[in-house]
Amino acid sequence: MIKALIIDIDGVLTDGKVYISKNMEFKTLCYQDLDALNEIKKADIKTGIITGEDNEFTEFLRGKINPDYFYSGCKDKGKAVLDIIQKSGIEKQDIWYVGDGKYDLSAMKEAGVSICPANAIAEIRQNADIILKSKGGTGCIAEINDLLHKNAPCKNKIREC
């Protein structure tokens, strides 16, 4: 049973692209994902963000989402998942991690269920328990929320949600 959903930002909540204009960075968010995170929190599932970035955008998301666990500027994401397990007392099998890139692999190995967007890098897709139909930034968390509400088995891999 899921008790915590831990996510990466770039490539999961965003499409992984950065737009630059006059030394300013721009990224896009899927508001369906933000709404889904709120629904997940209302279901008493803890939320967390582990990101390699540490900037104004990550701080904006921290305030907007208000996750139970937040790690920015973190390149050892597996260690962060272990820290969440230790601090929360949540069992490994009850933690779901969503990531898309090379720095997410260690976190995926420490979580009970590893999930990735359809456009994650090959190594991540090969190691994921669940491969979503959605690409990063196009409703990944909304898709996970739908799976939780349907309580249906995932058809992408052998493990059930």
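## Surface and overall form

Accessible areas are obtained by the Shrake-Rupley method with a 1.4 Å probe. On that basis, the protein chain of this predicted model exposes about 8500 Å², of which carbon and sulfur atoms supply 47%. Buried residues account for 49% of the 161 residues in the chain.

The protein chain contains six helices and eight strands. Read from the N terminus, the order of these elements is β-β-β-α-β-α-β-α-β-α-β-α-β-α. The radius of gyration is 14 Å, close to the 15 Å that the globule rule gives for 161 residues, so the chain is as compact as a globular protein of that length. Along the principal axes, the C-alpha atoms fill a box of roughly 45 × 30 × 30 Å.

## Contacts and charges across the chain

When contacts between residues at least 6 apart in sequence are considered, 51% of them join residues at least 24 apart. The chain carries 23 positive and 25 negative charges, and the mean positions of these two sets are 2 Å apart.

## Helix α6 and the buried aspartate of α1

Helix α6 spans residues 140-150, and its buried residues are C140, I141, A142, E143, I144, N145 and L147. These buried residues pack against β1 (4-7), α1, β6 and β7 (113-116). Two helices, α1 and α6, are thus brought together in this packing.

D33 lies in helix α1, which covers residues 31-42. Leaving out residues up to four places away in sequence, D33 touches V12, L13, G139, C140, I141 and A142. Among these partners, C140, I141 and A142 are also listed as buried residues of α6. D33 is itself buried yet has no salt bridge. The nearest side chain of opposite charge, that of K64, is 14 Å away, whereas a salt bridge requires a side-chain nitrogen of Lys or Arg within 4 Å of a carboxyl oxygen.

## Two buried loop residues

G99 is found in the loop between β6 (95-98) and α4 (105-110). With a relative accessible area of 0%, G99 is buried, because a residue counts as buried under 20%. Neighbours within four places in sequence aside, G99 is in contact with D8, V12, D104, I115, C116, P117, A120 and I124. The C-alpha atoms of G99 and I6 are separated by 8.9 Å, although the two residues are 93 residues apart along the chain.

T14 is placed in the loop between β1 and β2 (19-21). T14 also counts as buried, at 0% relative accessibility. Setting aside neighbours within four places in sequence, the contacts of T14 are I9, K27, T28, L29, F57, G136 and G137.

## Exposed loop residues with positive phi

D44 belongs to the loop between α1 and β4 (46-50). Phi of D44 is near 65 degrees, a positive value in a residue other than glycine. The relative accessible area of D44 is 69%, and the residue is therefore exposed.

N66 occupies the loop between α2 (56-65) and β5 (69-71). Phi of N66 is likewise positive, near 50 degrees, again in a residue other than glycine. N66 is exposed, with a relative accessible area of 54%.

Terms used: Residues numbered from 1 in each chain as written. Predicted model: local features only at pLDDT ≥ 70, side-chain atom pairs only at ≥ 80, totals over all residues. Heavy atoms only, no water. Helix = DSSP H or I, 4+ residues; strand = E, 2+ residues; numbered from the N terminus. Rg over C-alpha atoms; globule rule 2.2 N^0.38 Å. Buried < 20%, exposed > 50% of the residue type's maximum accessible area, 1.4 Å probe, protein only. Contact = heavy atoms within 4.5 Å. Lys, Arg positive; Asp, Glu negative; His and termini not counted. Charge placed at Lys NZ, Arg CZ, Asp CG, Glu CD.
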